[in-house]
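Opening the notebook on this one. I'll jot down what I look up as I go.

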Amino acid sequence: MAKEITVALAGNPNSGKTTVFNNLTKARQHVGNWPGVTVEKKVGSCSHDGYNISVVDLPGVYSLTAYSLDEVIARDFIVDEKPDVVVDIVDASNLERNLYLAVQLLEMGVKLIIALNMMDMAESRKYQIDVKEMSRLIGVPVVPLVANRNKGTSELLQTMVDVAEGKVEVLGLRLDYGREVERELAKLEQIINGNPLARRYSPRWLAIKLLEEDEEIIKKFKEVKGGQRTSATR
Amino acid sequence: MDNEQVLPDEPGDKSLSRAWQESLSHLKSVYRDEAETIVADARYGFISGLMHDVLKKPAIERLMLSDKIDRVVLNRWLGIPLFLAILYGVFQFTFVLSGPFMDWIDEGFGWLAGPAAGISPAWFGSLIADGIIGGVGAVLVFVPVIFLLFIALSILEDSGYLARAAFVMDRLMHRIGLHGRSFVPMMLGFGCNVPAIMATRTIENPKDRLVTILVNPMMSCGARLPVYVLFAAAFFTAYQGLVVFSMYAMGIVLAILLAWLFRKRLVRGESGHFVMELPPYRLPTITGVVIHMWERGRVFLIRAGTIIFSIVVLVWLLNYVGALEPIGRAIAPIFSSAGFGQWQAAVTLIFGILAKEVVVGTFGVLFTGVEELGGLGSVIGFELGWTPLIAFAFMAMSLIYVPCMAVIAIVKRETNSWRWTGFVIGYTLVLGWIVATLIYQIGRLFT
């Protein structure tokens with residue numbers, strides 16, 4: 001019996017995410033809707049190294065705030081479904097802007113792989129990217145790709161399996177927001193530790209989201225309040 | 001925003017809503033910007049730092065103003081000289097502006113000391129005039145320098161330059177096998193070594209962290225500033241800024257050399273890898289600068305009224321009963337090789353271990369009858385026969401030898417080891433003696 005893993009593909013619009021998805025899953029795809037909304041949800045599957053890999057194509061987003069439906073869908077899937085691996089498809093020729101999403105994924109503490117797509121474009125612009133150093137500094141595997149020529153796909157598959165098996169360590173990183181913000185985060189975290197939400201989400205992440213005045217998270221805190229009331233009256 | 005009071009008010013976390021609002025408004029008053037923006041800036045800062053490490057672009061493409069400034073500030077050759085130049089500028093600024101304030105405080109104390117000395121009984125008059133006004137006053141005179149230095153440091157921090165300085169030093173430190181995350185806590189040491197040592201908790205690699213703690217006392221804190229200013233003003237009139245700057249620079253150089261040595265000999269092993277954040281430049285807000293200045297500076301006012309006050313009274317008492325001189329005479333010969341082998345200097349150094357401002361306070365008590373405290377440095381020089389060279393050696397000693405009690409306590413807490421704590425006390429004492437002796441002996445060849 002093959003082992004099952006779920007992989008979520010995240011990435012900015014125009015990062016070549018759909019091409020990567022097609023390369024990975026070929027014809028084994030089906031299209032549905034995300035629960036409750038009419039946004040298209042594409043799920044595919046493939047097998048590699050004794051694994052059945054189910055690949056979920058998240059909506060293309062620049063960020064993981066609560067400002068757009070796409071962002072909320074992507075975030076909820078990662079938080080609620082807890083995929084084994086998240087692959088962030090990054091446009092290597094536009095690295096700086098694309099990495100903003102990666103940083104936010106790291107904040108969530110997911111098992112992240114960064115797929116550096118469009119390496120050919122970056123090279124033609126004479127960008128030199130030190131992939132090894134990047135992987136070491138961010139603490140996650142970084143896989144170079146040229147998706148529209150189907151280069152790097154099998155390396156990506158292998159990395160997914162390695163990460164899922166724990167063969168490749170995903171250390172991740174704890175971003176330092178500066179003295180002032182860190183101090184406020186520490187205060188909030190301490191209070192959040194006692195909240196039921198802390199069982200499902202990392203308190204630090206919740207604290208960051210509160211500082212960002214994230215509507216969805218504020219709503220979640222309100223719901224917890226309601227839930228606790230009813231259990232208290234019982 | 002209608003976010004007021006929307007958070008849970010349950011037992012256990014009833015303070016969340018309030019704490020949240022407080023955090024938001026605190027950050028807003030410090031940065032004059034939404035917390036959301038500050039958080040996003042931190043992310044971009046991380047990415048920007050990462051890009052400097054892993055991405056090489058053709059030169060034509062870098063266009064943003066912040067990038068343009070960084071090209072100069074982070075330049076391989078210009079970066080460190082520029083950092084030193086800015087530091088030097090900070091001390092010049094501090095001295096020029098603090099001069100008049102110090103004179104006023106000085107005159108104020110001089111005006112108080114006269115009548116106070118006449119109070120009877122005589123011992124009480126002496127306690128007030130020589131002990132409290134002479135000792136605590138000698139320290140309080142330097143409050144304007146400390147506060148102005150902290151204003152300058154806050155401006156550097158809030159504008160985003162301090163992060164650049166750390167980035168530049170990171171490159172240097174990488175070359176000698178360390179990493180630059182250590183430099184941030186080290187620069188916090190300019191304020192006070194205690195919070196700086198606590199800030200080493202952000203360093204994940206335990207060996208890097210240990211070394212950063214061990215060398216942190218070399219970073220010259222605000223409490224040592226009065227010692228420098230006292231002697232710089234008396235002996236190096238035209239070059240005060242330069243002389244005080246040289247103390248801070250000496251501290252940085254020693255810290256880096258020691259870190260390198262410790263990493264080679266004592267705490268071997270791989271160094272951690274980090275991205276140095278490069279937050280975007282921003283114009284410091286007055287509120288932010290004032291808050292940060294006050295956070296750092298209030299400690300000194302509190303200390304002057306509590307610890308310094310008590311120690312100075314103790315010193316006065318010991319002096320009044322004639323117990324100080326024998327203690328000083330027993331120790332003093334050790335320092336004759338550095339030029340300051342007088343019992344008074346030895347006494348100040350002993351009590352300076354309790355808190356470094358006390359070095360100045362003790363001088364204030366010992367050299368009583370000084371009408372104006374501003375003249376204290378000159379009086380010391382005259383009474384002890386000090387030359388500028390001896391004063392300089394003494395300043396170096398004050399910088400390096402045993403950190404104060406508070407720092408010793410925090411080193412013990414953070415390393416959780418008496419061995420390392422003892423090591424810090426031991427190496428600083430020996431190193432201080434060696435450096436002071438070298439300065440005096442080598443300097444003598446040229447004068």
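How many bridges pair strand 3 of chain A with strand 4 of chain A, and in which sense, parallel or antiparallel? I counted 7 bridges, and the pairing is antiparallel. Strand 3 covers residues 40-48 and strand 4 covers residues 51-57. One pair I looked up here: Ser47(A) has Asn52(A), in strand 4, as its bridge partner. Note to self: this is a predicted model.

**Entry: the sheet**

Next I traced the sheet in chain A. It is an open one of 7 strands in the order 2-3-4-1-5-6-8, and the pairing is mixed. At its edges I found strand 2 (29-33) and strand 8 (142-144), each paired on one side only. From one strand to the next, the twist averages 25 degrees.

**Entry: domains**

I pulled the domain assignment for chain A, which gives domain 1 as 3-165 and domain 2 as 179-233. Their centres, taken over C-alpha atoms, are 28 Å apart. Domain 1 puts 7 residues into the contact and domain 2 puts in 8. On the domain 1 side I get 4 nonpolar, 2 polar and 1 charged.

**Entry: chain A against chain B**

Then I went to the contact between the chains, which takes 38 residues from chain A and 37 from chain B. Which elements of chain A give two or more residues to that side? My list reads helix 3 (95-107), strand 7 (128-129), helix 5 (131-138), helix 7 (179-192), helix 8 and helix 9 (215-233). Helix 7 gives the most, with 7 residues. By class, the chain A side splits into 20 nonpolar, 5 polar and 13 charged residues.

I also checked strand pairing across the chains. Strand 7 of chain A runs antiparallel to strand 1 (residues 55-56) of chain B, and 2 bridges join them. Ile129(A) stands opposite Leu55(B) there.

**Entry: Leu211(A)**

Last lookup: Leu211(A), in helix 8 (residues 203-211) of chain A. Is Leu211(A) buried or exposed? I log Leu211(A) as buried, because it has 21 C-beta neighbours inside 10 Å and the cut-off for buried is 20 or more.

Leaving out residues up to four places away in sequence, Leu211(A) touches Val181(A) and Glu184(A), and also Ser23(B), Leu24(B), Ala35(B), Glu36(B) and Val39(B). I looked at the Val181(A) pair too: the two residues are 30 apart along the chain, with 8.8 Å between their C-alpha atoms.

How values were computed:
Residues numbered from 1 in each chain as written. Chains lettered and ligands numbered in written order. Predicted model: local features only at pLDDT ≥ 70, side-chain atom pairs only at ≥ 80, totals over all residues. Helix = DSSP H or I, 4+ residues; strand = E, 2+ residues; numbered from the N terminus. Buried ≥ 20, exposed ≤ 12 C-beta atoms within 10 Å, placed from the backbone. Contact = placed C-beta atoms within 7 Å. Domains from an automatic or database assignment. Nonpolar A, V, L, I, M, F, W, Y, C, P; charged D, E, K, R; others polar. Pairing = 2+ DSSP bridges. Axes fitted to C-alpha atoms, helices over the stretch in contact; angles between N-to-C directions.
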